[in-house]
Structure formats: C-alpha cells, structure tokens
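Me: Hey, I've just opened this one and don't know my way around yet. Can you walk me through it?

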Amino acid sequence: MTMNPAIRLDDLTVCYNRHPAVHHLSGAFNHGSLTAIVGPNGAGKSTLLKAIMGLLPVTTGRIDPAVLTPTDIAYLPQQAQIDRQFPITVLDVVLLGHWQRIGVLGAMTSALKTQAIEALAAVELVDFQRRPIRTLSAGQFQRVLFARMLLQDARLILLDEPFTAIDARTTADLITVVRAWHDQQRTVIAVLHDLDQVRAHFPETLLMARSRIAWGQTAQVLTAEHLQQAREMAEAWDEQARLCAVQAP
C-alpha cells in the first residue's frame, strides 16, 4: 500500500492536551486510495486528520508532504464543531468552496454561482439554496457541506465522522459522492465508527489506538484479533504518563 504515497507518516507523534494522541505512527495513504480510519474513542483519529490538515503541530516525526497548498486539500470537520446559527444561506455556504481559488475579494461570477447550484443539485438540495442553514436538519446540512467540497475540487479529501447522526438515505447518497471521488482518483480519508459501513464501502482501513494496530486491506485489518488488540490498548491508557513537551493549541 506504500508504492505511490500521497501522504506518508514517518514515526509521527501528535500531542493533544499534552498527551500523545497519535503515538509513533508510520505508514502511507496512496494516491487515489479510499481509506477509513477506525478505532476506539480517544484513539487519535480526529487528531491525525487535524495534523495532516496542519491544524495541530507535529510533536515528533514527520508528515510528508508536510505542507499542502489550500487548493490541494478539502477538510470536513465534525458537525458539532460548526456554528449553524450564523445568518447565512445554503447557497452562500456552498459558494465558500470557491474562495480558496478566487480569494475573499475575488469576483463571484455568474459561472461560479452556476457551479454552486449544480453542486447543490448533485446532493439533491437545489431547491434549498435560499434557506438559512439554521433551518436545516443534520442530514440536509451535511449535504450542503458535501456540495461545498465538490466545488473545492481537491486532490486530498479528509472527512471527520461524515455520516454520524444523519439518516440512512442521506448516508447512502453521500457515500455515492465519496465513491465518485474515489473513481476520479482522488485520495479520500474518512474517520468512521460503523464497521459494517467500512467493510461495505472502504477498500483500505487504518485501525489505531493512538498507535497503529493494523493498516491495509479492510478485510485483513478488521479481524477479531486486531479489534480486541485496539480495545486493550485503549483501556490500558495511562493518564499519569509523562506529558508531551509540546502542547497543541
């Protein structure tokens, strides 16, 4: 799985609240791969995405490439981290997908607006473009965020729990979008909890419990033995362990 890496992790440690949330992790995500990151709660899954995105500093080790341009990468955080009370419409949120290329002061042309409406149509929300985002259900809002990512046209896509707390139909529709990205040879990395979902749709999996448990083809990673090992490592976590010298903000 390391023959054509898009992102290589070399003995990576990332600290959060002064504890190593990701601990000596090595491996690679191939160009065009579709990978699920799974593990117990507190396993460092979201921390790893934030470190790849550059939102958390690397304590030791390396992420290669260590610097990605804004147009190379699209990142979808957990919905709980997004303020939906901001007075903005669905179309305005989707149009934000253009800003990495045109800048805050760039002209929003009719052609760019047309692309935004087409992205909304792709997620079956074209009739919602004038609605304030605070009026949307969790599933509808997730569709909006996926439409915004369609406009970003990124080569690397990071998804943090993209299907949590949304309905089954929305999940199925958004998985179709993810599979289309995979067919386009984009690199997609998603933090997930539903192992049946992972087995059905994600060819590769990284199982971690701060450290790497297994990484490779999903069927070979999600074995009873590996899952038990991940649970045992999570339960053995020592809150009194030595603190990291570098604290993430």
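Reply: Sure, we'll go from the overall make-up to the sheet, the cores and a couple of single residues. Keep in mind that this is a predicted model.

Me: Okay, how many helices and strands are there in the protein chain?
Reply: The protein chain has 9 helices and 9 strands.

Me: And how much of the chain counts as buried?
Reply: Of its 249 residues, 50% count as buried. On the outside, the protein chain exposes about 12,100 Å², and carbon and sulfur atoms supply 51% of that.

Me: What about contacts, what share comes from residues 24 or more positions apart?
Reply: Those pairs make up 70% of the contacts in the protein chain with a separation of 6 or more.

Me: Let's do the sheet. In what order do the 3 strands of the open sheet run?
Reply: The order is 2-1-4, and the pairing is antiparallel. Strand 2 and strand 4 are at the edges with a single partner strand each, so each has one side without a neighbour in the sheet. From one strand to the next, the twist averages 15°.

Me: Which helix packs on it?
Reply: Helix 1, residues 45–53, packs on the sheet and touches strand 1, strand 2 and strand 4. The direction of helix 1 makes about 115° with that of strand 1.

Me: How many bridges hold strand 1 and strand 2 together?
Reply: Strand 1 (residues 5–16) and strand 2 (residues 19–30) pair over 8 bridges, in the antiparallel sense. One bridge partner to look up is P20 in strand 2, which goes with C15. The two strands form a hairpin with 2 residues between them, and N17 in the turn has a positive phi of about 55°.

Me: And strand 1 with strand 4, how many bridges there?
Reply: That pairing, with strand 4 covering residues 60–64, has 4 bridges and is antiparallel too. Look for T13, which stands opposite T60 in strand 4.

Me: Switching to the inside: how many residues are in the largest nonpolar core?
Reply: It has 49 residues. Among those with the most contacts inside it are V94, F146, L159 and W181. Helix 5, residues 138–152, gives the most to this core, with 7 residues. There's also another core lying apart from it, with 23 residues, including L12, V14, L56 and Y75.

Me: Why would nonpolar side chains end up together like that?
Reply: As a general tendency in soluble globular proteins, nonpolar side chains are buried together.

Me: What does F146 touch, leaving aside neighbours within four places in sequence?
Reply: F146 is in contact with L76, V123, L159, P162, F163, L174, V177, V178 and W181.

Me: Now T170, is that residue buried or exposed?
Reply: T170 counts as buried because its relative accessible area is 3%, under the 20% cut-off. T170 is in helix 6, residues 168–183. Leaving aside neighbours within four places in sequence, T170 is in contact with G139 and R143.

Me: Last one, D127: buried or exposed?
Reply: D127 is exposed, since its relative accessible area is 73% and the cut-off for exposed is over 50%. You'll find D127 in the loop between helix 4 (110–122) and helix 5. The C-alpha atoms of D127 and I117 are 9.3 Å apart, with the two residues 10 apart along the chain.

How values were computed:
Residues are numbered from 1 along each chain as its sequence is written. This is a predicted model: local features need pLDDT of at least 70, side-chain atom pairs count only at pLDDT 80 or more; totals for chains, interfaces and linings use all residues. Side-chain values use heavy atoms; hydrogens and water are left out. A nonpolar core is a set of buried Ala, Val, Leu, Ile, Met, Phe, Trp, Tyr and Cys residues joined through side-chain atoms within 4.5 Å. Buried means under 20% relative accessible area, exposed over 50%, partly exposed in between (1.4 Å probe, protein chains only). Contact means heavy atoms within 4.5 Å. Two strands pair if DSSP finds at least two bridges between them. Accessible areas come from the Shrake-Rupley method with a 1.4 Å probe; for residues, only the protein chains shown count as cover. Axes are lines fitted to C-alpha atoms, for helices over the stretch in contact, and angles run from 0 to 180 degrees between N-to-C directions.
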